[in-house]
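Biologist: Before we start, please show me the model. I would like to ask how its labels are justified.

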Amino acid sequence: MARRERRPDGGGWRAWRRRPGAGPRGRLIALLAVLTAAVTALHRFVPNAGPHLGSLVENFLPWSGALVLVLALCALARRARVALVVLLLPAVVWAVLFGPLLLPDPPVEKRTLRVAQHNVADDNPDPAGTARTLLAADADLIALEELVEPALGVYRKELAARYPYRAVHGTVGLWSRYPITAHRSLDIRPRGVDASWQRALRAVVRTPEGETAVYVAHLPSVRIGAGGLASARRDESAARLGALLSAEELGRVVVAGDLNATVDDRGIAPLTSRLAVPDRGFALSFPEPFPVARIDQVLAGGGSVPRVSTLPATGSDHRPLLALITWDAPDRR
């Protein structure tokens, strides 16, 4: 009877463990791939109590795609074939959530409203150059934040010829091609902030499609520190703005401003639950010169935002945005 020849590598599990990249590092890559997929797909279940970890994850959620690429390169270097297969899971999750932002623009048959939005920065050394950049975008509306003198006077002068209608309250302002028939300051202050803090307005603009309520807002800043994401004041301000939106009577609504949050951040859910977010474009806006997140936003009620893109850099630490809005709802006046 012929003796069965024993494989020199021992066969089975031990042999698999000896394959290149199948050791602890290969398994670690596969584990990180599964964790990345889980956090990306189930980010709403990441707890937000205390350090606001959920909001922190959601502000950087698109960068999970970069993590997948890094893990893939590590797996290739280790020849970890199993890890490469497992990496398909977070890649598919990312493609489902963020892939549509990369698709070509769909044909737009309806007339669009072009909205430029920019936190111009209160220490901007070149407000005139910033105004020229905004003029080159040929928008219908321009929403600005961090307006202070003497730069405010420069914006008034530079934008007046093309945008004869304007409304400025506190440090936020709106310039329009179309008549502004009414405007007022909005109180979205968090508790403990005095009345000098004026960072929101509502204006009614008579566009060719009908009257449109335009909100310009600058929500409180957030900070990342040892205690996590300090976003409580921003969340409170977003809730107050959301309450005002819930009482809005006009069917067409634009919200433009520095919201200090991405559209995935649950902290501004009082806004994103009521309004359409951009369908196309990442348009990372902060910080200049290497933006990592779009915390500046243009949202729409009674319509959609087919595309958002960034404009050339200015003297601000934010990049300006240009968004297209199409309407699909009748005016509820």
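Modeller: What follows is a set of questions about labels, each answered from a value and a cut-off. This is a predicted model.

Biologist: What makes up the protein in outline?

Modeller: The protein has 10 helices and 13 strands. Its C-alpha trace spans about 100 × 45 × 40 Å along the principal axes. Of the 333 residues, 50% count as buried.

Biologist: Why is the pair of Trp94 and Phe98 called tilted?

Modeller: The ring centres of Trp94 and Phe98 are 5.8 Å apart, with 45° between the planes. Rings pair if their centres lie within 6.5 Å, and planes under 30 degrees apart would be stacked, over 60 edge-to-face. An angle of 45° falls into neither class, so the pair is tilted.

Biologist: How do you know that Trp94 and Phe98 are separated by about one helical turn?

Modeller: Both residues belong to helix H6 (residues 88-98), and they are 4 residues apart there, which means about one helical turn.

Biologist: Which other pair does Phe98 form, and what makes that pair tilted?

Modeller: Phe98 also pairs with Phe282, at 6.5 Å centre to centre and 35° between the planes. The angle is neither under 30 degrees nor over 60, so this pair is tilted by the rule.

Biologist: Why is the pair of Phe98 and Phe282 said to link distant parts of the chain?

Modeller: Phe98 is in helix H6, while Phe282 is in the loop between helix H10 (269-272) and strand E11 (296-301); 184 residues separate the two. Ring pairs thus join Trp94, Phe98 and Phe282 into a cluster.

Biologist: Why is Phe98 called buried, but Phe282 partly exposed?

Modeller: Buried means under 20% relative accessible area, and exposed means over 50%. Phe98 has 4%, so Phe98 is buried. Phe282 has 21%, which lies between the two cut-offs, so Phe282 is partly exposed.

Biologist: How do you know that Asp258 has no salt bridge?

Modeller: The nearest side chain of opposite charge, Arg199, is 6.2 Å away. A salt bridge needs a side-chain nitrogen of Lys or Arg within 4 Å of a carboxyl oxygen, so Asp258 has none. Asp258 lies in strand E10 (residues 253-258) and is buried. Leaving aside neighbours within four places in sequence, Asp258 contacts several residues, among them Gln117, Asn119, Glu145 and His318.

Biologist: What makes the phi of Ala121 and that of Asn260 worth a remark?

Modeller: Most residues other than glycine have a negative phi. Ala121 has a positive phi near 75°, and Asn260 has a positive phi of about 50°. Ala121 is in the loop between strand E1 (112-119) and helix H7 (127-136); Asn260 is in the loop between E10 and H10.

Biologist: Are Ala121 and Asn260 buried or exposed?

Modeller: Relative accessibility is 5% for Ala121 and 9% for Asn260. Buried means under 20%, so both residues are buried.

Biologist: Which peptide bonds are cis, and what are their omega values?

Modeller: The bond from Glu149 to Pro150 is cis, with omega near 5°. The bond joining Phe286 and Pro287 is also cis, with omega about -5°. Most peptide bonds are trans. Pro150 sits in the loop between strand E2 (141-145) and helix H8 (151-159), and Pro287 in the loop between H10 and E11.

Methods
Residues are numbered from 1 along each chain as its sequence is written. This is a predicted model: local features need pLDDT of at least 70, side-chain atom pairs count only at pLDDT 80 or more; totals for chains, interfaces and linings use all residues. Side-chain values use heavy atoms; hydrogens and water are left out. Rings of Phe, Tyr and Trp (its six-membered ring) pair if their centres lie within 6.5 Å; planes under 30 degrees apart count as stacked, over 60 as edge-to-face and the rest as tilted. Buried means under 20% relative accessible area, exposed over 50%, partly exposed in between (1.4 Å probe, protein chains only). Lys and Arg count as positive and Asp and Glu as negative; His and the chain ends are not counted. Contact means heavy atoms within 4.5 Å.
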